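Load the model in your viewer and keep the selection panel at hand. We will go stop by stop, and each stop says what to pick and what to look for.

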There are 2 protein chains.
Amino acid sequence: MDIADWREKIDAIDRRLVELLSQRAQSVHQIGKLKAIARLPVYEPEREKMVFANARSANEGPLTDRELLRIFERIVDVMRQSEMEEMALEQRPPSDGLGDTEIDPEVND
Amino acid sequence: MDIADWREKIDAIDRRLVELLSQRAQSVHQIGKLKAIARLPVYEPEREKMVFANARSANEGPLTDRELLRIFERIVDVMRQSEMEEMALEQRPPSDGLGDTEIDPEVND
């Protein structure tokens with residue numbers, strides 16, 4: 001295989017990664033909805049430790065555990081922030097038609 | 001599904017993510033070896049733009065493109081650094097048995 005072949009393989013892996021990350025974000029969002037009902041906090045440091053331990057337990061290399069955790073820290077951070085923003089939007093009081101132009105819900109896209 | 005069920009689903013997704021990230025790192029390493037032979041640079045900004053464009057093109061949400069790219073920036077960054085360290089180790093002159101204790105190849109684990 002030459003460089004172009006390996007890059008095609010990487011591109012296919014990346015598209016699959018996007019698919020899994022989307023499924024993960026959907027699951028995080030479902031948990032966020034259940035937490036909102038139960039008035040539980042979005043950020044649970046003990047759960048995040050378990051997420052990192054689970055990822056580490058599946059690691060057979062070639063990435064070191066530290067390299068893998070740097071990636072998972074970012075995944076967890078992005079999804080936690082996304083969920084917090086989502087909940088903040090949902091918890092806004094219903095609009096009375098005033099001030100609708102002040103907050104743009106598309107600001108994160 | 002309750003919170004525990006969704007967390008089981010996330011843990012299964014994460015183990016699959018680890019598997020794909022490992023395959024991706026192996027592919028990056030194969031490219032690194034081919035680049036070393038051809039004396040090409042590890043860092044190619046144009047290729048990285050194509051990686052981000054490919055990820056973005058596969059994104060159907062719920063993550064925004066910006067959130068997805070924050071994750072891919074970390075993936076690309078970790079793998080580039082890992083590859084540069086790997087190449088630096090391989091390009092060391094063969095050991096003459098002196099100074100073997102000065103560099104610990106396990107330092108990144």
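## Start at the core of α3

Select α3(A) first: its buried residues pack against α1 and α2 of chain A, and also against α1 (3-38) and α3 (65-90) of chain B. To show those residues, pick A:Glu67, A:Leu68, A:Ile71, A:Phe72, A:Ile75, A:Val76, A:Val78, A:Met79, A:Ser82 and A:Glu83, which are buried. As you click along them, keep in mind a general point: an α-helix has 3.6 residues a turn, so residues three or four places apart point the same way.

Now put a distance label on the two ends of the helix. From the first C-alpha of α3(A) to the last you should read 37 Å over 26 residues, close to the 38 Å expected at 1.5 Å a residue.

## Step back to chain A

Colour chain A by secondary structure. You will find three helices and zero strands, and the order from the N terminus is α-α-α. Chain A has 109 residues, of which 21% count as buried. If you draw the contacts within chain A between residues at least 6 apart in sequence, 56% of them join residues at least 24 apart.

## Colour by confidence

This is a predicted model, so a pass by pLDDT is a good next stop. Chain A has a mean pLDDT of 88, with 84% of its residues at 70 or more. Then select residues 102-109 of chain A, where the pLDDT is below 50. Beyond near neighbours in sequence, that stretch has four contacts in the model. For the complex, the predictor gives an ipTM of 0.84 and a pTM of 0.84.

## Where the chains meet

Select the contact between the chains: 47 residues come from chain A and 45 residues from chain B. On the chain A side, the elements giving two or more residues are α1 (3-38), α2 (45-57) and α3 (65-90). Which element gives the most to this side? Highlight α1(A), which leads with 24 residues. Recolour the chain A side by residue type and you get 20 nonpolar, twelve polar and 15 charged residues.

## Turn one copy onto the other

As a last stop, superpose chain A on chain B. A rotation of 180° does it, with 0.0 Å of shift along its axis and an RMSD of 0.0 Å. The two copies are therefore related as by a two-fold rotation axis. Compare the contact residues once more: the same surface serves both copies, with 96% of the contact residues of chain A recurring in chain B.

Conventions: Residues are numbered from 1 along each chain as its sequence is written. Chains are lettered from A and ligands numbered from 1 in the order in which they are written. This is a predicted model: local features need pLDDT of at least 70, side-chain atom pairs count only at pLDDT 80 or more; totals for chains, interfaces and linings use all residues. pLDDT is the predictor's confidence in each residue, from 0 to 100. Two residues are in contact if their C-beta atoms, placed from the backbone, lie within 7 Å. Helices (H or I, at least four residues) and strands (E, at least two) are DSSP runs, numbered from the N terminus. Ala, Val, Leu, Ile, Met, Phe, Trp, Tyr, Cys and Pro count as nonpolar, Asp, Glu, Lys and Arg as charged, and the others, Gly among them, as polar. Copies are superposed by least squares on the C-alpha atoms of residues with pLDDT of at least 70 in both. The expected span of a helix is 1.5 Å times one less than its number of residues. A residue is buried if 20 or more other C-beta atoms lie within 10 Å of its own, exposed if 12 or fewer, and partly exposed in between; C-beta atoms are placed from the backbone.
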